[in-house]
Amino acid sequence: MDTKSVFNSLPGQLKNILQKNGVSDLYPPQAEAVEKGLLSDKNIILSIPTASGKTLIAEMAMLENLLQHKGNCIYIVPLKALAAEKYEDFKEKYSGFGIEIGIATGDFDYINPNLTNKDIIIATVEKIDSILRQKSLWLCKNLSCVVIDEIHYLGDHSRGPTLEIVITQLLTLKPGLKIIGLSATIANAHEIAKWLNALLVCSQWRPVLLKEGVYCLGEISFADGNNKILNLNQTNDETAALALDCIQDNGQVLVFVNTRRSAQAEAARIAKAVDKILSPEEKQDLEQIAEQFNNISEKTKLSSSLSDCVRNGTGFHHAGLVYAQRKLIEDNFRNNKIKVICATPTLAVGVNLPSRRTIIKGVHRYVSGKGMQPISIMEYKQMSGRAGRPKYDTYGESILFAKNEREKGNLFNNFVFSDPEAISSYLNTEKALRFHLLAAISSGFTSSHNAVFDFIEKTFFAHQQTYPSIDRMVTKIIDFLIQEQMVTTQSQQLTPTEFGKKISNLYIDPITAVIVRDCLQEPKNNLNPLSLLYLICSVPDMNILNLNKSDIEKVTPFAEKNNEFLQLPLPFNHDYTTHLAKIKTVWMILHWTWEEKEENICSFFNTGPGDLHRFVESAEWLLYAVAQVAKIFNINNINTIYKLKKQLHYGIKEELLELVSLRGVGRIRARNLFRFGCKDKIELSEIPLAKLEKIPTIGKELAIQIKKQVS
């Protein structure tokens, strides 16, 4: 195929925009997509390897739709981090052409009114789902094209059902809507294409040759039959030796490991070897980067460990870090300051971060209830696909680790030479259907029993297989929604109640809503902060901390001391271990409201700063949901709920609530004001300005603003 000719045949305006962004030719899969009708109204599914130009294909389709004034576009991604990356990328490339780019990833019950004016909206699938639940007709009114990035997430047990429902709803609300699905290489891409009445582009082409191999006993064996002896003279650590071998040839390395602890340990070990080959200039740059970690988050043992690694040219990357820390690592890997990143597999499906060499240590993951299980071939392909930097390398290397020849053979047969699995729908679970059927009824998308079944018939699940039990499951869920007063029925018509609508818009599991409602309505309950936190830690929407054996001795005395506040009318009985795990989570969140240092909280509860912030954010969101349910049922102590929510938001004791209501005053400044005798607005109004501005972290400018606010 003459890709240059295909590029030259593109419409003039589209070609001009691409050329001004440095594109002068197309990759073979991109050219094939154009020839198959990418720029027409046809749906397209692409199943091609990582780094083969999928995103540009989607961009061409969206740009042509906008240039032809067909309507606006939505670009759906599975992760917030990916949304942020695409938003910055698209803004940089297309804002200069008058194309408005928007991003939607925030609170589920809030819709930014500015989104209505955007040409391209980049959003997580959950955010689009929440917008559809709120009958936001503007979303589909001028919608012409939807891009589904990582459409193989249909086969993800967590996000898959939501993605499937969103696609089905959009196609139902907007017949003729153009769908572009971007997928990794999967076995049944043709099945997705058939479901969406789409043309299929399949290819194994990559811009950079990928050499897959296995390391065993000092030698790398590649699938193409070539071998390479590893130099172990500089270090006897095999992973570090593999990293040095690549770095000294101007490459960079990603190391994928099973756990966060392994990521940190590998980064520290490899750093000892990398430090020896860094130039003085490189060390100076890395020192400056390491110092930045002290400015982007509260100093903890984890951040100190990360800074130490970065000083020596390595870093680690996992969900225990806060977003700003992860982004700093990513940015400085991209600019080749950091030579090695040791990461958990989430990085492989997140941001675009290619390396020359990808080292995959361990092909098993712990699965709750099943123990250690082999990873999927697709997960292996996602990690290995990160090897090869298109702008810098002519090849990339993906290397698995084997302890002996027998294991080496198994790794070649089970992963390197194997094709990725077919993906299947996960919509056939009661939890997923319950969550989405309430939304469909509450938004008016379906209004009768028959409409519900018609809707299910349009899903990927129904396209793939027919389960006789699906009808029974749907009927059971509708009966549950009626019984719990979220839906009413008359003559087969289904009408949402105020309770049902609110739960749908709050984006919480109906089971969560039932638990909250019943606990709030229990006459004997006197909900205080402790019992409220225990309540939200008892619902399906809240994750809880793992409980280790060493935790039991720590948590049990706290549980026994506060037992009277932990007696809630829950509809199920967990074992005592789960009970203690919930209490451990409650206790950690309380420490945050007690203004404990992050480092101390993370150390005591054996968690990362990123985890702590996610737990706090989830608790804050669920407390808001509790307050909304309390309003519907006229529960009295709503102020207690809102106070606790505000304490969580700022990480403060109740005594600082009045002070943090002032603009410019957060938890640190509020505590300083309180410590120096300014405990409320009255005392602030009485203190002389000259004295106020001398309080640590206040200063003259803020002191004047505070005085204006309290006068």
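In this predicted model, one aromatic cluster is made up of F558, W587, F604 and F605. That cluster is just one place to start looking at the rings, since a search of the whole structure turns up 14 aromatic pairs. Take Y215 and F401, for instance: their ring centres are 5.2 Å apart and their planes make an angle of 50 degrees, which puts the pair in the tilted class. The two rings come from distant parts of the chain, with Y215 in strand β8 (residues 209-216) and F401 in strand β17 (residues 395-402), 186 residues apart. Both Y215 and F401 are buried.

Another pair brings together F445 and F455. Here the ring centres lie 5.0 Å apart and the planes meet at 75 degrees, so this one is edge-to-face. F445 sits in the loop between α17 (430-442) and α18 (449-457), while F455 belongs to helix α18, so the pair ties together parts 10 residues apart in sequence. F455 has a relative accessibility of 3% and therefore counts as buried, the limit for that label being under 20%.

Some rings also have a charge for company. K361 lies over the face of F401, 4.8 Å from the ring centre, so F401 has a part both in this contact and in the tilted pair with Y215. The charged end of K211, for its part, sits over the ring of F222, 4.8 Å from the centre of that ring.

Now for the sheet. Seven strands make up an open sheet with parallel pairing, in the order β3-β4-β2-β5-β6-β1-β7. At the edges are β3 (101-104) and β7 (198-202), each of which pairs on one side only. From one strand to the next, the twist averages 15 degrees. Strand β1 (residues 43-47) runs parallel to β7 and is joined to it by five bridges. Within this pairing, I45 stands opposite L200 of β7.

Helices pack against this sheet too. Helix α5 (residues 80-94) touches β2 (72-77), β3, β4 (120-124) and β5 (143-149), and its direction makes about 170 degrees with that of β3. Helix α6 (residues 125-133), in turn, lies across β2, β3 and β4, and runs at about 105 degrees to β4.

Stepping back to the whole protein, the domain assignment lists domain 1 (3-202), domain 2 (209-416), domain 3 (430-506), domain 4 (510-651) and domain 5 (655-710). Between the C-alpha centres of domain 3 and domain 5 there is a distance of 52 Å.

Which residues does H436 touch, leaving aside its neighbours within four places in sequence? This histidine, found in helix α17, is in contact with D129, R133, P161, T162 and I165. H436 is buried, with a relative accessible area of 3%.

Last comes a hairpin. Strands β18 (residues 487-490) and β19 (residues 493-496) run antiparallel and are joined by four bridges. T489 has L494 in β19 as its bridge partner. Two residues separate the strands of this hairpin, and S491 in the turn has a positive phi of about 55 degrees.

Terms used
Residues are numbered from 1 along each chain as its sequence is written. This is a predicted model: local features need pLDDT of at least 70, side-chain atom pairs count only at pLDDT 80 or more; totals for chains, interfaces and linings use all residues. Side-chain values use heavy atoms; hydrogens and water are left out. Two strands pair if DSSP finds at least two bridges between them. Axes are lines fitted to C-alpha atoms, for helices over the stretch in contact, and angles run from 0 to 180 degrees between N-to-C directions. Contact means heavy atoms within 4.5 Å. Rings of Phe, Tyr and Trp (its six-membered ring) pair if their centres lie within 6.5 Å; planes under 30 degrees apart count as stacked, over 60 as edge-to-face and the rest as tilted. Buried means under 20% relative accessible area, exposed over 50%, partly exposed in between (1.4 Å probe, protein chains only). A charge sits over a ring if NZ of Lys or CZ of Arg is within 6 Å of the ring centre and within 35 degrees of the ring normal. Domain bounds come from an automatic or database domain assignment.
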